Amino acid sequence: SDSAIDVFLRIRPSKNPSTYFERDEIDDNRIRFKVPVDQSTVNNTRSHYGYEFNGVLDERATQKDVFQKVGIPVTKNVLDGYNSTIFAYGQ
């Protein structure tokens, strides 16, 4: 991409998938969250949130898929002489 920083989201597989989010029907790199107002949240006045990423890897993505989408481009940048980092955060 043209950005210095790319952000990818990997949706963790779960036996009980959340119903609070969905992928945008038009843009696969956009996720919409709907947080029910009746639950105790910090900001319960807002219930809809949208986030856009450079890429979204859904529950079916394998480690190989993640590496092909994220790891290979970063590795190529390193071999071309650019500083590159993969920062992964999750539980």
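1. A convenient place to begin is D27, whose side chain reaches the backbone nitrogen of N29 at 3.0 Å. As with everything in this note, that distance is taken from a predicted model. D27 is placed in the loop between β2, which covers residues 21-23, and β3, which covers residues 30-34. The relative accessible area of D27 is 26%, so D27 counts as partly exposed, since the buried class is reserved for values under 20% and the exposed class for values over 50%. In sequence D27 and E52 are separated by 25 residues, while in space their C-alpha atoms are 8.7 Å apart.

2. For a reader who wishes to place that loop in the whole, the protein contains one helix and five strands, and along the sequence these elements follow the pattern β-β-β-β-β-α. Of the 91 residues in the protein, 15% are buried. The accessible surface comes to about 7,800 Å², and carbon and sulfur atoms account for 51% of that surface. When contacts between residues at least 6 apart in sequence are considered, 40% of them join residues at least 24 apart.

3. The next point concerns the sheet, in which three strands are arranged in the order β2-β3-β4, forming an open sheet with antiparallel pairing. β2 and β4, the latter spanning residues 48-52, stand at the edges with a single partner strand each, and therefore one side of each is left without a neighbour in the sheet. From one strand to the next, the twist averages 20 degrees.

4. Looking at the pairings one by one, β2 and β3 run antiparallel and are joined by three bridges, and the connection between these two strands is a hairpin that passes through six residues. Within this pairing, F21 stands opposite F33 of β3, and E22 stands opposite R32, which is likewise in β3. On the other pairing, β3 and β4 are matched in the antiparallel sense over five bridges, and here F33 has Y49 of β4 as its bridge partner. F33 thus appears in both pairings, facing F21 and bridging to Y49.

5. A second acidic residue deserves a separate remark, namely D58, which lies in the loop between β5 and α1. Is D58 buried or exposed? D58 is buried, because its relative accessible area is 13% and the limit for that class is under 20%. The side chains of D58 and R60 are joined by a polar contact of 2.6 Å. If the neighbours within four places in sequence are left aside, D58 is in contact with I11 and R23.

6. The last point is the helix α1, made up of residues 63-79, which has a kink of about 40 degrees at G71, shortly before the proline P73. G71 is also one of the buried residues of α1, together with V70 and V74. What covers these buried residues includes the strands β1, at residues 8-10, and β5, at residues 55-57. Just after α1, G81 adopts a positive phi of about 100 degrees.

How values were computed
Residues numbered from 1 in each chain as written. Predicted model: local features only at pLDDT ≥ 70, side-chain atom pairs only at ≥ 80, totals over all residues. Heavy atoms only, no water. Helix = DSSP H or I, 4+ residues; strand = E, 2+ residues; numbered from the N terminus. Buried < 20%, exposed > 50% of the residue type's maximum accessible area, 1.4 Å probe, protein only. Polar contact = N/O pair within 3.5 Å; in protein donor to acceptor, adjacent residues only side chain to side chain. Bend = angle between axes of the 7 residues up to and from the residue. Contact = heavy atoms within 4.5 Å. Pairing = 2+ DSSP bridges. Axes fitted to C-alpha atoms, helices over the stretch in contact; angles between N-to-C directions. Areas by Shrake-Rupley, 256 points an atom, 1.4 Å probe, with all protein chains shown as cover.
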